[in-house]
Amino acid sequence: MGVQKAQRYCRNENRLVLAERQTPNRVLHLLLTVVTAGLWLVVWIPLELFAPAAYRCPICGDKCQPVTRKIRRQLESH
Ligand SMILES: [Zn+2]
């Protein structure tokens with residue numbers, strides 16, 4: 001497990017922050033897939049697709065938003 005960092009927009013700070021999220025423990029998933037002869041993929045694949053960990057603001061801990069063109073424009077106009 002590690003930590004992934006990316007630039008995200010925080011609503012509370014109203015600015016871009018270097019947000020962090022935990023990367024999934026893929027080794028464990030892979031191990032479970034092998035042990036269950038592939039059955040675990042039924043659990044793992046939806047997890048990867050539909051439940052990725054959210055990026056969180058390192059300052060307030062809230063969920064961050066991806067930086068869209070609209071947000072970028074908003075920030076530049078201030
Ligand atoms: Zn924040």
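Is Asn-14 buried or exposed? Keep that question in mind while we walk through this predicted model; we will come back to Asn-14 once its surroundings are on screen.

**Stop 1: the whole chain**

Show the full chain as a cartoon. You should find three helices and two strands. Starting from the N terminus, their order is β-β-α-α-α. The radius of gyration is 17 Å, well over the 12 Å that the globule rule gives for 78 residues, so the chain is more spread out than a compact globule. Turn the model to see this along its principal axes, where the C-alpha trace spans about 55 × 20 × 15 Å. Of the 78 residues, 10% count as buried. Contacts reach far along the sequence too: among those with a separation of 6 or more, 57% join residues 24 or more positions apart.

**Stop 2: the hairpin**

Next, select residues 3–10, which are β1, and 15–22, which are β2. These two strands pair in the antiparallel sense, and eight bridges link them. To see how they line up, pick Arg-8 and look across to β2, where Val-17 stands opposite. Together β1 and β2 form a hairpin, with four residues between them.

**Stop 3: Asn-14 in the turn**

Now select Asn-14, in the loop between β1 and β2. Here is the reply to our opening question: Asn-14 is exposed, because 11 other C-beta atoms lie within 10 Å and a residue with 12 or fewer counts as exposed. Its backbone deserves a look as well. Most residues other than glycine have a negative phi. Asn-14, however, has a positive phi near 55 degrees.

**Stop 4: Gln-7 on β1**

Step back into strand β1 and select Gln-7. This residue is exposed, with 12 other C-beta atoms within 10 Å. Beyond its neighbours within four places in sequence, Gln-7 is in contact with Leu-16, Leu-18 and Val-67. Add Thr-68 to your selection: 61 residues separate Gln-7 and Thr-68 along the chain, and their C-alpha atoms are 11 Å apart.

**Stop 5: the nonpolar core**

Which residues make up the largest nonpolar core? Select Tyr-9, Cys-10, Val-17, Ala-19, Tyr-55, Cys-57 and Cys-64, seven residues in all. Both β1 and β2 contribute to this core, each with at least two residues. Val-17 may look familiar from the hairpin, as the residue opposite Arg-8.

Stay here a moment and centre the view on Cys-10. Setting aside its neighbours within four places in sequence, Cys-10 is in contact with Arg-15, Val-17, Cys-57, Cys-60, Asp-62 and Cys-64. Among these partners, Val-17, Cys-57 and Cys-64 also belong to the core.

**Stop 6: helix α1 and the residue after it**

Move on to helix α1, residues 26–35. How many of its 10 residues are buried? The number is zero, so this helix lies largely in the open.

Just after α1, select Ala-37. Ala-37 is in the loop that runs between α1 and α2, the latter covering 41–50. Ala-37 is exposed, with 8 other C-beta atoms within 10 Å. Like the turn residue in the hairpin, Ala-37 is a residue other than glycine with a positive phi, near 55 degrees.

**Last look**

Zoom out and colour the stops you have visited. You can now place the antiparallel pair β1 and β2, the core of seven residues and helix α1, largely in the open.

How values were computed. Residues numbered from 1 in each chain as written. Predicted model: local features only at pLDDT ≥ 70, side-chain atom pairs only at ≥ 80, totals over all residues. Core = buried A, V, L, I, M, F, W, Y, C linked by C-beta atoms within 7 Å. Buried ≥ 20, exposed ≤ 12 C-beta atoms within 10 Å, placed from the backbone. Contact = placed C-beta atoms within 7 Å. Rg over C-alpha atoms; globule rule 2.2 N^0.38 Å. Pairing = 2+ DSSP bridges.
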